[in-house]
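Let's take a walk through this one together. Have a look first, and then we'll go from a ligand site to two helix pairs.

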Amino acid sequence: MWKKRGDFSKLTSKMSKDILHNWEKKSAENQKQYKQFLTKADKNKVLKALPEIHEKAFEKIDCLKCAACCKNYSPRFKTPDIKRISKHLGLKEGVFIEKYLKLDEEGDYVVHSKPCPFLGSDNYCSIYEERPSDCARFPYTDEDVMLKRVPLTLKNATFCPIVYFVLEELMKKG
Ligand code: SF4
Ligand code: SF4
């Protein structure tokens, strides 16, 4: 949501029905095709096509009407994120960690409860300007992460309509 979240209220485009119609079902059904495409794709061609498709996806899909990522998953809070956010909140780093975070199985700090405690009922992020870098980069649809971490892209396509849209558009281009 993580991208340009603050700008979404200015967008006139809504999650159009054609894109969203049954997208979760279609995404689940197309997982094998996505995997095949991502594994065999011409990296240079994909990277060249991504910026335009990424922009198009964010114009068509309104994260403020979704927030599935913030509701169900946690970003990693790396040391610079913790420093920046705790300072912003006027909390000592230890207090911030104690209040909001826990260590996951991989030794990364993540939020200790879901939805993310910084997600408002209006789906805005209360620490948007200071949000973790994972949040700013998600859903990685303008990065080579899409190709480098195929299992992650496939998982993201199951709950993020932007990833679904980008994959479908990439596959149309062949
Ligand atoms: S899951 Fe995707 S579409 Fe939904 S809020 Fe997150 S980035 Fe936006
Ligand atoms: S900090 Fe929480 S609410 Fe803000 S963008 Fe990240 S996951 Fe979403």
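How many nonpolar, polar and charged residues does the shell around ligand 2 have? It has 11 nonpolar, no polar and 1 charged residues, where Ala, Val, Leu, Ile, Met, Phe, Trp, Tyr, Cys and Pro count as nonpolar, Asp, Glu, Lys and Arg as charged, and the others, Gly among them, as polar. That makes 12 residues around ligand 2, the closest being Cys-70, Cys-116, Leu-119, Cys-125 and Cys-135 (near means a C-beta atom, placed from the backbone, within 6 Å of the molecule).

A word on the ground rules: this is a predicted model, so local features need pLDDT of at least 70 and side-chain atom pairs count only at pLDDT 80 or more, while totals for chains, interfaces and linings use all residues. Residues are numbered from 1 along each chain as its sequence is written, with chains lettered from A and ligands numbered from 1 in the order in which they are written.

Now for the helices (DSSP runs of H or I, at least four residues, numbered from the N terminus). H4 (residues 43–60) and H11 (residues 161–173) cross at roughly 135 degrees, and their axes come within 9 Å; axes are lines fitted to C-alpha atoms over the stretch in contact, and angles run from 0 to 180 degrees between N-to-C directions. H4 and H11 are therefore oblique to each other (not under 35, over 145 or 65 to 115 degrees). Their contact residues divide into 9 nonpolar, 1 polar and 3 charged.

The other pair is H3 (residues 31–40) and H10 (residues 150–159), packed at about 145 degrees with axes 10 Å apart.

Technical notes
Helices (H or I, at least four residues) and strands (E, at least two) are DSSP runs, numbered from the N terminus.
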